[in-house]
Amino acid sequence: MRNILGTRDGFEQPRTDPLKQNEDPKRQFEVIEGGVDHDIVDNVPEGSRAAENLAELKRNEPDFSVSDFLTGASSAYEMILMAFENGDLSSVSDFISDDVEEAFQSVIDSRKDAGLTVEAQFIGLHETQIIDVEIDKDANEEEIKVRFVSEITTVARNDEGVIVEGDPNKIKRQKDIWVFAREIGSANPNWQLVATGA
């Protein structure tokens, strides 16, 4: 499980797409040629590969906002993480790629086969940080790699309800690196989770 969803040390939400870009025209950002784009440099180091690729992404898609993306990614992270921990991916299947869904479901099925039930609670998100941005013109895909640090509680119970792992009163820190992707220039503004790691 650690290989799937990162490392640990230390409510059901409405089914809306958290990664859909805000379409309110009042919220659009204008990229000023030659000026500093604070929507970018407030979120990634100026002059970095991530900053350069975000600038290209915004030139190609003027409605894209880094801040709005991060807000959506944070919401998606909580929804997907809790769906995985609670063993039901049905509410988030539209937000994850087939490969990721298959990997998550394999872990869920293994738990069931072992007679384990997981109870998890999301405490809060400590950090959401873009660590890389890639525009793959050959694959016609743009990818944003995000590092999340969150706090959750989890316990695993056996068939008899006895806790075999975890502590409901002990908050653990969860660290993940997730990659979100979408087609370049797509009319569909939705991003999908395509890879996970630590």
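A residue counts as buried under 20% relative accessible area, exposed over 50% and partly exposed in between (1.4 Å probe, protein chains only). The model shown here is predicted, so to speak of local features we need pLDDT of at least 70, and side-chain atom pairs count only at pLDDT 80 or more, while totals for chains, interfaces and linings use all residues. Residues are numbered from 1 along each chain as its sequence is written, and side-chain values use heavy atoms, with hydrogens and water left out.

**View 1. Tyr77 and Phe122 meet edge-to-face.** Rings of Phe, Tyr and Trp (its six-membered ring) pair if their centres lie within 6.5 Å; planes under 30 degrees apart are stacked, over 60 edge-to-face, and the rest tilted. Counted in this way, the model has 11 aromatic pairs. In the pair shown here, the ring centres of Tyr77 and Phe122 are 6.4 Å apart and the planes stand at 70 degrees, so the contact is edge-to-face. Tyr77 belongs to helix α4 (residues 66-85) and Phe122 to strand β2 (residues 117-136), so this contact ties together parts that are 45 residues apart in sequence. Helices (H or I, at least four residues) and strands (E, at least two) are DSSP runs, numbered from the N terminus. Both rings belong to buried residues: Tyr77 is buried, and so is Phe122.

**View 2. Tyr77 also stacks with Phe148.** With ring centres 4.2 Å apart and planes at 15 degrees, Tyr77 and Phe148 count as stacked. Here Tyr77 of helix α4 is linked to Phe148 of strand β3 (residues 141-157), 71 residues apart. Tyr77 has 0% relative accessibility and so counts as buried. Phe148, too, is at 0% relative accessibility and counts as buried. Step back from this pair and a cluster appears, in which ring pairs link Phe64, Phe69, Tyr77, Phe122, Phe148, Trp178, Phe180 and Trp191.

**View 3. Helix α5 has a buried face.** Helix α5 (residues 98-113) has 16 residues and reaches 22 Å from its first C-alpha to its last. Its buried residues are Val100, Phe104, Val107, Ile108 and Arg111. Looking down the axis of α5, these residues fall within an arc of 95 degrees, so they line one face of the helix. The arc is taken from the directions from the helix axis to the C-beta atoms. On the other side of α5, the exposed residues are Asp98, Asp99, Glu102, Lys112 and Asp113. After α5 comes Gly115, which has a positive phi, near 75 degrees.

**View 4. Arg111 sits over the ring of Phe84.** Arg111 is one of the buried residues of α5. Its charged end sits over the ring of Phe84, 4.7 Å from the centre of that ring. A charge sits over a ring if NZ of Lys or CZ of Arg is within 6 Å of the ring centre and within 35 degrees of the ring normal.

**View 5. Strand β5 has antiparallel partners in β3 and β6.** Two strands pair if DSSP finds at least two bridges between them. Strand β3 and strand β5 (residues 172-183) pair in the antiparallel sense, with 12 bridges. To find your place along them, look for Lys145, whose bridge partner in β5 is Val179. Strand β5 also pairs with strand β6 (residues 192-197), again antiparallel, over five bridges. A landmark here is Trp178, whose bridge partner in β6 is Thr196. Trp178 may look familiar, as it is among the members of the aromatic cluster.

**View 6. Lys58 and Asp39 form a buried salt bridge.** A salt bridge is a side-chain nitrogen of Lys or Arg within 4 Å of a carboxyl oxygen of Asp or Glu. The whole structure holds 11 salt bridges. One of them joins the side chains of Lys58 and Asp39, at 2.8 Å from N to O. Lys58 is in helix α3 (residues 49-60) and Asp39 in helix α2 (residues 38-41), so the bridge ties together parts that are 19 residues apart in sequence. Lys58 and Asp39 are both buried.

**View 7. Salt bridges connect strands β2 and β3.** Glu119 forms a salt bridge with Arg157, with 3.0 Å between the closest N and O atoms. Glu119 is in β2 and Arg157 in β3, so the bridge ties together parts that are 38 residues apart in sequence. Glu119 is partly exposed, with a relative accessible area of 39%. Arg157 is partly exposed as well, at 23% relative accessibility. Another bridge joins Arg147 and Glu127, whose closest N and O atoms are 2.7 Å apart. Arg147 lies in β3 and Glu127 in β2, so this pair ties together parts that are 20 residues apart in sequence. Arg147 has a relative accessible area of 26% and is partly exposed. Glu127, with 25%, is also partly exposed.

Note on methods. The expected span of a helix is 1.5 Å times one less than its number of residues.
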